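Good morning, everyone, and thank you for making time for this. Please have the sequence and the model open, and let us go through them slowly together.

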Amino acid sequence: MSAIGTSTPRLDGPAKVTGTAQYAFEHTGPGEPVFLHPVTSTIARGSVTSMDTSEAESQPGVLAVLTPWNAPRLADTSEREYVICQDTDVLYRGQPIGLVLAETAEAARWAQSLVRVEYDQQPHDVGFRTDHPDVYEPEVVNGGYEPASSTGEMGPSLARAQTHGHVVDQSYSTPEEHNNPMEPHAVSAHWDPDGPLLTMYDSTQSPHGVVSTLAPVLGLETEQIRVIAPHVGGGFGSKGAPHAHDVLVALGAMHLPGRLIKYAVTRQQMFVFVGYRPRTVSRIRLASDADGRLTAIGHEAWSQSSRVKEFVEQAAVPSRSMYAAPNRRTFHHAVPLDVPAPYWMRAPGEAPGAFAAEVAMDELAEACGLDPIELRVRNDPETDPESGRPWSSRRLVDCLREGADRFGWSERPATPASRRDGRWMVGYGVASAAYPHMVQSGSQATIRAEGGGRYRVQVGAVDIGTGTWTALTLVAADALGVPAEAITLEIGDTALPYATVAGGSSGISSWGSAIFAAAGRFRTRYGDDPPAGAETTAAAGDNPELERYRAISFGAHFVEARVDADTGEIRVPRMLGVFSIGRVVNPRTVRSQFIGGMTFGLSMALHEQSVRDTRFGHVVTQNLADYHVPTHADATDIDAVWLDEVDEFATPMGTRGAGEIGNVGSAAAVVNAIHNATGARIRDLPVHADALLEHLPVDQ
């Protein structure tokens with residue numbers, strides 16, 4: 001019996017529910033720990049002219065206060081995000097400009113408030129707009145994609161559709177959103193100058209990535225840093241790379257060698273220097289013939305970036321492959337501002353881009369007089385429109401039809417604002433989802449026979465709460481042809497074989513491929529009855545099939561929305577997602593990933609918005625009271641299912657990624673359902689009740 005596909009409880013579950021799973025801040029080291037708290041800037045642009053630390057240094061329990069004038073020197077200051085306490089420049093409000101080390105967290109936090117800072121303040125600019133004077137075309141966008149693409153001619157197609165077909169030409173916007181995993185970013189670090197060795201217990205999605213990034217910054221060899229991360233309490237992308245807090249702790253550890261330095265980023269600081277989803281605007285232009293067949297697709301995207309570090313959401317990239325059209329154009333713009341550097345947030349690029357494109361498709365369906373599902377079916381491409389390659393598997397139409405049957409789509413009101421249930425206006429919405437299949441190169445795995453039919457499998461992967469401990473155990477069991485109970489898995493440590501980031505929905509595909517490669521080599525060398533101690537290490541090779549086929553995961557979202565006819569209050573009592581992701585490793589945890597992603601989409605549609613005060617440059621909604629996310633009462637009946645399939649071209653396991661597709665398109669399905677319920681076409685997220693007031697019925 002195959003272990004893959006078996007619904008398996010989390011192997012790390014008992015440790016988590018009993019409180020024995022150690023997270024980054026909970027690790028211990030030699031002696032009593034030292035606690036760190038940063039001193040942060042209160043201006044958005046300028047320079048520090050002086051820092052009076054005398055009162056802070058005199059406080060009980062304070063061991064040191066570091067500033068640009070006395071902090072250890074970094075070896076590489078080319079990456080501005082990591083230039084901490086090295087110069088006096090201030091590039092955004094909340095930038096770490098110093099740090100306090102103390103015997104308690106409370107003492108450190110109090111002492112930092114006593115540091116007196118003088119500034120040379122300069123005018124700042126944090127206002128995002130598409131006509132910003134400094135807007136520019138980036139060389140690349142997130143994911144390494146080219147910023148622009150063009151096939152055919154847009155102009156003639158749009159002109160022809162104006163008279164002989166249908167045209168949608170609208171703009172859509174998404175706000176800043178901030179990653180808020182349950183466990184904030186946290187680090188405990190110890191510096192042994194005799195090694196020398198910097199040991200970091202880090203809440204990260206990429207232990208080896210922390211090493212490769214920080215080693216040159218700190219002037220160390222990669223073997224002189226060890227990162228340990230057995231348990232990570234969520235990340236949603238922001239923990240995919242180190243940020244300023246990692247450098248802060250490393251500086252503190254080097255200043256007090258032999259002591260374990262601890263720092264947990266506060267919830268308020270989670271809205272500052274650890275990444276976020278930037279604001280975006282997408283202009284979508286769709287042209288179709290009279291029957292709704294697309295003749296042109298245009299997607300032009302603007303993304304907020306930072307003068308600290310460029311980051312541009314690839315919001316227009318998904319439109320290059322989603323639907324068939326002979327004429328296509330995509331383009332990206334970056335708007336640099338005096339703000340912290342944005343970074344990954346679950347489905348970066350795809351989430352805001354799909355919101356815009358899928359609402360535009362709903363608008364086109366209405367213009368054509370077509371059911372929104374039928375419009376998507378008519379424009380489903382036989383091959384990848386961008387590359388021309390055949391699909392490894394494209395079952396979007398199957399997802400749409402399966403979802404329609406399960407959801408009861410036939411009961412959808414054909415006319416917006418025509419269905420009532422008491423005071424509630426009721427509507428249905430649909431949207432498609434797509435997320436590229438990614439396999440990161442370089443991951444390695446070691447397999448060792450333990451005797452008695454047991455095997456130890458080692459890979460430097462990390463479980464960020466998604467179920468990696470369990471899924472990789474199932475993968476290893478199938479790769480070796482043994483029961484899952486015969487596998488002892490080790491992950492979460494850079495002392496283990498190299499592993500790529502837990503990001504881009506690539507983790508299981510990348511690490512699992514390495515395990516399959518190691519298992520194949522192990523069996524070839526030692527057979528089915530290996531001696532105890534037999535060991536093999538192997539890396540996953542390149543998959544030539546991914547050069548011949550285009551591999552993308554697909555899905556369809558269905559939403560029922562209800563709007564109070566008196567107040568505009570919005571409720572979403574039902575969400576259904578149907579997905580095509582190849583073979584499912586662990587149904588129990590993959591369903592959790594889908595539902596979590598769909599809840600992300602619900603949150604994106606109705607709740608999340610980071611409000612930045614343009615006067616001072618900082619986010620004012622910097623807590624979970626003001627920054628709204630869904631509660632259990634908001635997410636009532638959410639279900640996710642998937643098609644039974646194996647993608648033999650994608651990975652040796654037949655799998656594709658599952659972690660992010662749940663929140664691609666789900667916000668659009670919510671917005672489309674609101675339109676069907678009320679007739680209101682909302683193009684700016686999040687949707688608030690006041691945006692619906694003018695569309696509510698006057699006579700009850």
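Let me begin with a question: in the loop between which two elements is His-618 found? The answer is that His-618 sits in the loop that runs between helix α13, residues 587-606, and strand β24, residues 637-642. Please keep in mind throughout that what we are looking at is a predicted model.

Is His-618 buried or exposed? Its relative accessible area is 19%, and because the cut-off for buried is under 20%, His-618 counts as buried. If we set aside the neighbours within four places in sequence, His-618 is in contact with Arg-93, Val-611, Arg-612 and Asp-613.

The loop between α13 and β24 also holds Thr-636, and here the result is the opposite, since Thr-636 is exposed, with a relative accessible area of 52%. Not counting residues up to four places away in sequence, Thr-636 touches Val-572 and Pro-573. Although Thr-636 and Val-572 are 64 residues apart along the chain, their C-alpha atoms are separated by 7.8 Å.

Let us step back to the whole chain, which is divided into four parts: domain 1 (34-123 + 181-271), domain 2 (125-178 + 275-375), domain 3 (389-436 + 548-699) and domain 4 (440-542). The C-alpha centres of domain 1 and domain 4 lie 34 Å apart, and the contact between them takes 17 residues from domain 1 and 17 residues from domain 4. About 1200 Å² of area is buried between domain 1 and domain 4, with carbon and sulfur atoms giving 53% of it.

There is also an annotation to look at. The unreviewed UniProt entry labels residues 18-123 as "domain: Aldehyde oxidase/xanthine dehydrogenase a/b hammerhead". Over residues 18-123 the chain is 11% helix and 32% strand, and the C-alpha atoms at the two ends are 52 Å apart.

Next, a small sheet of strands. In the order β4-β2-β6, 3 strands form an open sheet with antiparallel pairing. Strands β4 (89-90) and β6 (116-121) stand at the edges, and each has a single partner strand, so one side of each is left without a neighbour in the sheet. Strand β2, residues 46-52, pairs with β4 over 2 bridges, and the bridge partner of Gly-46 in β4 is Val-90.

On the other edge strand, β6, we find Glu-118, which is partly exposed, with a relative accessible area of 47%. Leaving aside neighbours within four places in sequence, Glu-118 is in contact with Ser-47, Val-48, Thr-49 and Ser-50. The C-alpha atoms of Glu-118 and Ser-47 are separated by 8.7 Å, while the two residues are 71 residues apart along the chain.

Finally, let us turn to the interior. In soluble globular proteins, nonpolar side chains tend to be buried together. The largest nonpolar core in this model has 85 residues, and those with the most contacts inside it are Leu-286, Phe-558, Leu-606, Val-670 and Val-687. Helix α7, residues 350-368, gives the most to this core, with 10 residues, and the core draws at least three residues from each of domain 2 and domain 3. Apart from this core lies another, of 47 residues, including Leu-66, Leu-198, Val-265 and Phe-273.

Thank you for listening.

Definitions and conventions: Residues are numbered from 1 along each chain as its sequence is written. This is a predicted model: local features need pLDDT of at least 70, side-chain atom pairs count only at pLDDT 80 or more; totals for chains, interfaces and linings use all residues. Side-chain values use heavy atoms; hydrogens and water are left out. UniProt positions are given in the numbering used here, feature names are shortened, and annotations may be inferred rather than shown by experiment. Helices (H or I, at least four residues) and strands (E, at least two) are DSSP runs, numbered from the N terminus. Two strands pair if DSSP finds at least two bridges between them. A nonpolar core is a set of buried Ala, Val, Leu, Ile, Met, Phe, Trp, Tyr and Cys residues joined through side-chain atoms within 4.5 Å. Buried means under 20% relative accessible area, exposed over 50%, partly exposed in between (1.4 Å probe, protein chains only). Domain bounds come from an automatic or database domain assignment. Contact means heavy atoms within 4.5 Å. Buried area is the accessible area (1.4 Å probe) that two parts lose on being put together, summed over both.
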